[in-house]
Amino acid sequence: MNRKGAFARYLNRSGWLFVTPALVLFGVFMLYPILSSLYLVTRKWRGMTDSFVGLGNFVRMAQDNQFWHALGNNFLLMILQVPLMVILALVLAVVLNQGIRRGRGLVRLMFFLPAVTSLVAYSILFRILLQTNGMLNNLMLSLGVIQQPIGWLNDPFWATITMVIAITWRWTGYNMIFFLVGLQNIDPEIYEAAEVDGASKITVFFKITLPLLVPVILFSAVTSTSGTLQLFDEPNILTNGGGPANATMTAALYIYRQAFVTNSDFGYATAMSYVIVLIAGILAIVQIRLLGDRK
Amino acid sequence: MKRTLSFVMTVALLLSTAALGFAAPSKVTVWCWDPNFNGASMKAAAAVYNKTHTDVTIEIVDIPQQIEAKIEAGLQAGGKGLPDIALFQDFIIEKFVQNYPKAFVDLKAAGIDYSQFAAYKVGPMTAGNSVYGVPFDTGSTGLWLRADYIKAAGLNPDSYMKSMKWSEVIKLGETVKAKTGKPLITYQSDNFDMLRILVQSTGGQFFKPDGSLNLRSDAFKKSLAAFKEMNDKGMLYLAEGWSNWIDSINNDQAAGFLNAIWMVGTIKSKPENKGKWMVVPTPLIDVAGAKAASNNGGSSWYVFNSAPNKAGAIDFLKSVWASKDPAALSFYNDILKGQGAMGTYMPSRAGSNYTVKDDFFYKNQAVFADFSKWMEQVPVLKYTPNYSAMRDAVANATLKYFQGKIASIDDTIAAAEKEYKEVMGN
């Protein structure tokens with residue numbers, strides 16, 4: 001009798017009816033591309049013609065210094081930019097939450113506005129501002145801060161700095177909002193209790209605010225890391241296709257160029273994409289282990 | 001009664017709208033970039049065609065960025081979403097012809113006479129017995145110089161209006177830099193077009209007949225050496241990308257540049273520079289067989305096999321772009337004057353604008369006559385389908401060489417070959 005009831009629930013028509021559209025969409029847009037990519041990756045492509053190479057694409061990738069260099073750039077940007085941005089967003093959120101009384105909405109808007117700009121538009125803008133005879137150099141020259149124009153876009157070191165600046169500008173406000181929400185979710189009674197116990201502002205920040213914000217920091221870190229791994233628009237446009245002599249080439253841009261610009265080799269591009277997904281997954285797991293589940 | 005009447009009326013309305021659909025004009029869709037140059041030229045062609053074919057609408061769609069990636073995606077989808085005609089740059093078409101052999105219509109079989117087009121344009125679009133496109137503009141190059149800066153350096157611009165060796169140009173650059181502080185030439189560092197213009201002028205090839213890289217050739221080494229000498233003497237201005245380079249020209253960051261005729265629109269967009277620009281032949285590299293002419297860019301029109309209106313597209317191209325009809329020839333004459341677009345259809349070179357003096361230039365130089373003359377001497381360059389990868393590898397290695405990160409020319413060539421090998425996966 002029990003078994004029949006369970007089976008009957010399994011056959012619940014309306015339940016399946018509601019779930020089917022989502023299943024169909026999943027099947028078409030996620031499952032099918034993944035399966036077909038398994039087919040793509042075992043072949044070497046030249047546009048419409050392909051030949052079977054088995055694991056040849058992965059062997060090629062192991063020897064392709066251009067790809068590893070690009071991936072290295074992703075990690076470099078990650079190490080430089082993500083901590084900078086998270087700390088900045090945190091500090092801004094705390095200042096906004098407790099420091100500024102008037103014009104809070106305006107300041108919040110000012111910092112969040114970059115997050116709604118188009119990636120392409122702001123890359124173009126930064127490129128115009130940062131060219132050798134652009135506004136930033138001219139300003140610094142006229143103020144006497146520098147004697148020679150800085151090669152923001154044609155020196156490998158400065159190009160990396162440019163990327164860090166641009167990405168930080170774009171995403172700090174976005175993360176700041178999450179931290180603001182997190183801060184506002186902290187029960188003010190905890191702060192009152194701490195004040196009664198005589199804790200200084202610094203102690204409060206490090207011993208109370210920060211630990212309670214760990215879930216938000218984790219979220220910020222994981223999304224920023226995965227976002228940095230997929231960096232495409234900035235190196236493509238801001239640094240003219242990967243920076244001076246590939247100094248700011250990123251993995252996603254290299255994959256795109258292999259597929260659509262240089263070679264039409266979709267199999268190789270797919271193989272590289274697998275590696276990126278794998279790395280992103282590993283990083284996410286590591287971060288969740290480190291920062292989550294503190295209990 | 002009412003019901004029947006309304007039913008009859010509905011059917012009548014439906015039928016009449018269907019009839020409208022039947023009599024609708026046919027459409028030809030064209031994709032190209034740069035609405036002021038390519039788009040405007042195509043518009044002029046459409047106007048000529050519409051005089052005799054009033055029922056055809058030529059729709060020109062501007063694709064400002066990475067048109068090749070869009071087209072590639074369309075070709076992968078079996079031609080869905082692709083237009084009838086698209087513009088391709090000459091250096092990229094061999095890759096498409098090789099990778100997508102059935103993508104384009106064989107226009108030679110459709111009746112176009114290719115003996116009337118410049119041979120160096122027909123080369124890249126030929127595969128076996130088939131020829132696929134309609135050649136459009138030439139990328140005939142020259143050295144564009146600002147006569148006013150030469151004067152400011154205490155020299156007479158007239159004495160430079162001739163074919164020079166690069167050694168003479170370098171002397172000129174040193175003087176201009178010393179007296180005015182301006183570099184003589186601005187160039188683009190993300191693709192190093194200027195280096196490849198030099199190599200092509202020597203008649204050198206980037207690829208050997210078997211398809212392998214040919215960077216160890218005398219032509220390449222001498223061209224790179226000349227370019228490096230200019231860099232070390234401070235007579236070059238480095239612009240990081242296309243828009244930065246255009247900006248550097250418009251803002252007088254340097255006293256000139258080495259590039260093709262299609263820059264004339266950009267130059268003329270600054271009316272305050274009237275009378276200041278002059279164009280001299282591409283300087284000579286010290287290699288036997290070097291010519292005072294080269295090519296950079298240039299594109300051609302191609303018809304897709306998946307085109308919705310293939311017949312209409314082919315007829316349009318044949319009637320306006322490949323016809324000795326007076327209306328067609330005057331079209332070529334008009335776009336030369338209007339857009340600075342010099343076609344490569346030989347019969348059109350008799351047009352009046354080809355020899356007219358241009359009062360925008362220093363001493364009313366007849367620039368189009370000069371470019372047309374130089375176009376005849378352009379050494380043919382074999383692009384091959386791997387041209388883009390070579391271009392990027394050479395550009396990256398050369399930039400590192402210029403910035404002191406690579407020590408010698410041989411090391412630069414080795415670095416370029418290494419990057420090329422890794423990207424191509426051989």
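Let's start in a sheet of chain B: B:Val30 stands opposite B:Ile85, a residue of strand E3. This is a predicted model, where local features need pLDDT of at least 70, side-chain atom pairs count only at pLDDT 80 or more, and totals for chains, interfaces and linings use all residues. Residues are numbered from 1 along each chain as its sequence is written, while chains are lettered from A and ligands numbered from 1 in the order in which they are written.

Back to the strands. E1(B) and E3(B), the latter covering residues 85–89, pair in the parallel sense over 2 bridges; strands count as paired if DSSP finds at least two bridges between them. Strands here are DSSP runs of E with at least two residues, helices are runs of H or I with at least four, and both are numbered from the N terminus. E1(B), residues 26–32, also runs parallel to E2(B), residues 56–62, and 7 bridges join them. One residue to look at there is B:Cys32, whose bridge partner in E2(B) is B:Asp62. Put H2(B) in with E1(B) and E2(B) and you've got a right-handed β-α-β unit; right-handed says that, with the strands pointing away from the viewer, the path from the first strand over the helix to the second runs clockwise.

Now zoom out to the domains, whose bounds come from an automatic or database domain assignment. Chain B splits into domain 1 (24–138 + 297–354) and domain 2 (141–294 + 376–424). Their C-alpha centres lie 29 Å apart. Where they meet, domain 1 of chain B puts in 17 residues and domain 2 of chain B 12 residues, with contact taken as C-beta atoms, placed from the backbone, within 7 Å. On the domain 1 side, helices H2 (35–52) and H4 (90–99) of chain B each give two or more residues, and H4(B) has the largest share, with 6 residues.

Over to helix H15 of chain B (residues 387–402), home of B:Ala395. Why does B:Ala395 count as buried? Because 24 other C-beta atoms sit within 10 Å of B:Ala395, and the cut-off for buried is 20 or more, with 12 or fewer being exposed and anything in between partly exposed, using C-beta atoms placed from the backbone. Leaving out residues up to four places away in sequence, B:Ala395 touches B:Asp190, B:Asn191 and B:Phe192.

Finally, the two chains. Their contact takes 22 residues from chain A and 24 residues from chain B. On the chain A side, helices H4 (65–99) and H12 (251–262) each supply at least two residues, and H12(A) has the largest share, 3 residues.

Definitions and conventions:
Contact = placed C-beta atoms within 7 Å.
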